[in-house]
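Reader: Could we go through this structure together, beginning with the overall fold and then turning to the interior?

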Amino acid sequence: TPTWISGISNAKSIGIGDSYGHVCALHDNGTVSCWGKNGNSGQLGIGSNALWTTSSSPQNVTGLTGAVSLIVRGNTSCALLSSGTVKCWGSGYGNSPVSVSDITNATQISLGPYHRCARLSGGTIKCWGSNGSGELGNGSTVYSSTPVTVSGISSATKVIAGENHTCAILSDGSVKCWGNPGKIGRLGEGSVDLFSPVTVTGVSNATGIFVDIG
């Protein structure tokens, strides 16, 4: 049956870490708290002395303020700050929030299982992480630990990262996708990996989009 989470009274949104057993909440004062499993990834974001612990009550994420949105995927969490910067913690980042380099004017973020993307205020997109299928959209398949600019997109209104692919809605309502199409043609353009964005045929008035997150 539903149970009240102690210490949570001003949450704006929550994120659930899939099968890794942790939950995070964004509070209306711009802080984030997390609870549940804190394995060797430090996904609770509560510091170096807390690995391989479990907390049944919310713990404040260390040194994080000014958050306006929160995304949790697997054992990684990222927060968009009011300054337009992004901080992440957990797998690939450590057990305290780390600023993502070269991101200063983000308006929206999205996490796939192995790559992350940010929409910037001017309508461009930057992505970082795994790129084996071209999911970073920069024309290559080279992994990048720092954000790279997605080719040919300058008017994005939303970006969403999937399992090993990414899609974006543009200001004219069209959709572009890139990465691995899978066996069901989920990119809308055939069955081969796309290393750069390609317009999805027949979509002209999209307002929302959902992708396979694995």
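**Overall fold and core**

Author: Certainly. This is a predicted model, and buried residues account for 49% of the 214 residues in the protein chain.

Reader: How many helices and strands are there in the protein chain?

Author: The protein chain has 0 helices and 16 strands. Its radius of gyration is 17 Å, close to the 17 Å given by the globule rule for 214 residues, so the chain is as compact as a globular protein of that length.

Reader: What box do the C-alpha atoms fill?

Author: Along the principal axes, the C-alpha atoms fill a box of roughly 50 × 40 × 30 Å.

Reader: Turning to the interior, which residues of the largest nonpolar core touch the most other members?

Author: They are Cys117, Ile125, Cys127, Val150, Ile153 and Trp178, in a core of 14 residues. At least two residues of this core come from each of strand 11 (125-129), strand 13 (156-161) and strand 14 (165-170). Strand 13 gives the largest share, with 3 residues.

Reader: And Cys117, what is it in contact with beyond its neighbours within four places in sequence?

Author: Its partners include Ile125 and Cys127, as well as Val159, Ala161 and Thr166. Gln108, Ile109 and Ser110 are also among them.

Reader: Which residues belong to another core?

Author: Another core, lying apart from the largest one, has 13 residues, among them Cys24, Val61, Ala79 and Leu81.

Reader: Finally, how many positive and negative side chains are there?

Author: There are 11 positive and 9 negative side chains, and the centres of the two sets are 5 Å apart. As for the surface, the accessible area is about 9700 Å², with 51% belonging to carbon and sulfur atoms.

Notes. Residues are numbered from 1 along each chain as its sequence is written. This is a predicted model: local features need pLDDT of at least 70, side-chain atom pairs count only at pLDDT 80 or more; totals for chains, interfaces and linings use all residues. Side-chain values use heavy atoms; hydrogens and water are left out. Helices (H or I, at least four residues) and strands (E, at least two) are DSSP runs, numbered from the N terminus. The radius of gyration is taken over C-alpha atoms; the globule rule is 2.2 Å times the number of residues to the power 0.38. Buried means under 20% relative accessible area, exposed over 50%, partly exposed in between (1.4 Å probe, protein chains only). Accessible areas come from the Shrake-Rupley method with a 1.4 Å probe; for residues, only the protein chains shown count as cover. Lys and Arg count as positive and Asp and Glu as negative; His and the chain ends are not counted. The place of a charge is taken as NZ of Lys, CZ of Arg, CG of Asp or CD of Glu. A nonpolar core is a set of buried Ala, Val, Leu, Ile, Met, Phe, Trp, Tyr and Cys residues joined through side-chain atoms within 4.5 Å. Contact means heavy atoms within 4.5 Å.
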